[in-house]
Amino acid sequence: MLRVAVPNKGSLSDAATQMLKEAGYLQRRDSRELVIADEENGVEFFYLRPRDIAVYVGKGTLDVGITGRDLLLDSEAPAEEVFGLDFARSTFRFAGPAGDFSSVEDLAGKRIATSYSKLVRAYLEKRGVDATVTRLDGAIESSIRLGVADAIADVVETGNTMRAAGLAPFGETLMKSEALLIKRADVQETDAFDILRRRLHGVLIARQYALVDYDIREDLLDAATKLTPGLEAPTVSPLGREGWVAVRSMVKRSETNKVMDNLYDIGARAILVSPIQAARL
């Protein structure tokens, strides 16, 4: 069976579990469950701390896993990114008391608190900045007020927590993170692995696109299909009404209302938008 690591808590957990459910996999119903076997799909799920997942996958204990890019890089584990999963997006920044720092070079000789010590040390080393890096787990923003650090390096989603602590980000972004599907370097290209990869990719497509259906006069079809070209080509079917056709096409969800407006303006009618539950391309 394919052995898959899933985050057991934190911001990654609920979204990862929901995505796997949408992909048709059995998931735990009780947070105390640590292992779930999905016999029908040939997959066994292990619920682990997000920070540990890259290590288990990199060492070959598990085949694949879901974790953040920040956690993967900080682990220095020999696991490989398969593709991004389009959730838990964030940036990784340095921050300090507003006005105290303007660039990374200002950190020379300073104390930096972070939950990602390996990543921060590697970043500073590449830029020739000599600073003391201390690893802390949780409440990084409080470390400056408590006298443990002069600056911090942390994941920023909205920035509200930093601002509430009187901190401001500075310097360039260290990295941009999101949830990833990762695999061990020598994972076997089994049917179960290939299916997992295709199913998760299908969920991404289903979330990004919608189906638009509409009726249009045949003489306006070319103009309409320029607005809705689809991924390959739209589906066009004859209608009972002479001179009219029905069109179905995939459009980006973020553009559906604009597309509907434009279709209506050129003469399309009975314009409907439907969600896509699953996809294979």
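**A guided view of three domains, their sheets and their cores**

Pro97 has Leu167, a residue of strand β10, as its bridge partner. This pair belongs to a predicted model, and it offers a convenient point of entry. Strand β6 (residues 90–97) runs antiparallel to β10, and seven bridges join the two. In general, the strands of a sheet pair through backbone hydrogen bonds, in either a parallel or an antiparallel manner.

Strands β6 and β10 are part of an open sheet of five strands with mixed pairing, in the order β8-β7-β9-β6-β10. Its edges are formed by β8 (132–135) and β10 (167–177); each has a single partner strand, so one side of each is left without a neighbour in the sheet. From one strand to the next, the twist averages 25°.

The wider setting is given by the domain assignment, which divides the protein into domain 1 (2–87 + 177–206), domain 2 (90–174) and domain 3 (209–275). The centres of domain 1 and domain 3, taken over C-alpha atoms, are separated by 37 Å.

The interior may be considered next. Nonpolar side chains tend to be buried together in soluble globular proteins. The largest nonpolar core here has 47 residues, of which Phe94, Leu107, Leu124 and Leu196 touch the most other members. Helix α7 (residues 191–208) supplies the largest share of this core, six residues. Because domain 1 (2–87 + 177–206) and domain 2 (90–174) both give residues to the core, it lies between them. The surroundings of Leu107 show this packing in detail: leaving aside residues up to four places away in sequence, Leu107 touches Phe94, Phe101, Ile112, Leu124, Val129, Asp130, Ala131, Ala151 and Phe170. There is also a second, separate core of 13 residues, with Tyr214, Ala224, Val247 and Val251 among them.

Another part of the chain contains a hairpin formed by β2 and β3, with four residues between the strands; in this hairpin Gly42 takes a positive phi near 65°. Strand β2 (residues 35–38) contains Ile36, and four bridges join β2 to strand β3 (residues 43–48) in an antiparallel arrangement. One such pairing links Val35 with Phe46 of β3. The two faces of β2 are distinguished by their covering: Ile36 and Asp38 form the covered face, whereas Val35 and Ala37 form the uncovered one. With a relative accessibility of 11%, Ile36 counts as buried. Apart from residues up to four places away in sequence, Ile36 touches Leu26, Arg28, Val43, Glu44, Phe45 and Tyr47. Tyr47 is eleven residues from Ile36 in sequence, and their C-alpha atoms are 8.5 Å apart.

The account ends with the C-terminal region. UniProt, in an unreviewed entry, places the feature "domain: Histidine biosynthesis HisG C-terminal" at residues 206–277. This span is 29% helix and 40% strand, and its end C-alpha atoms lie 6 Å apart. An open sheet of four strands follows the order β13-β14-β12-β15, with antiparallel pairing. Strands β13 (235–238) and β15 (269–275) stand at the edges with a single partner strand each, so one side of each is left without a neighbour in the sheet. The twist of this sheet averages 20° from one strand to the next. Four bridges join β13 to strand β14 (residues 244–252), and Ser237 has Ala246 in β14 as its bridge partner. Helix α7 packs on the sheet, touching β12 (209–217) and β14, and its direction makes about 50° with that of β12. Helix α9 (residues 256–266) also packs on the sheet, where it touches β12, β14 and β15; the direction of α9 makes about 165° with that of β15.

Conventions: Residues numbered from 1 in each chain as written. Predicted model: local features only at pLDDT ≥ 70, side-chain atom pairs only at ≥ 80, totals over all residues. Heavy atoms only, no water. Domains from an automatic or database assignment. Core = buried A, V, L, I, M, F, W, Y, C linked by side-chain atoms within 4.5 Å. Buried < 20%, exposed > 50% of the residue type's maximum accessible area, 1.4 Å probe, protein only. Contact = heavy atoms within 4.5 Å. UniProt positions renumbered as here; feature names shortened; annotations may be inferred. Pairing = 2+ DSSP bridges. Axes fitted to C-alpha atoms, helices over the stretch in contact; angles between N-to-C directions.
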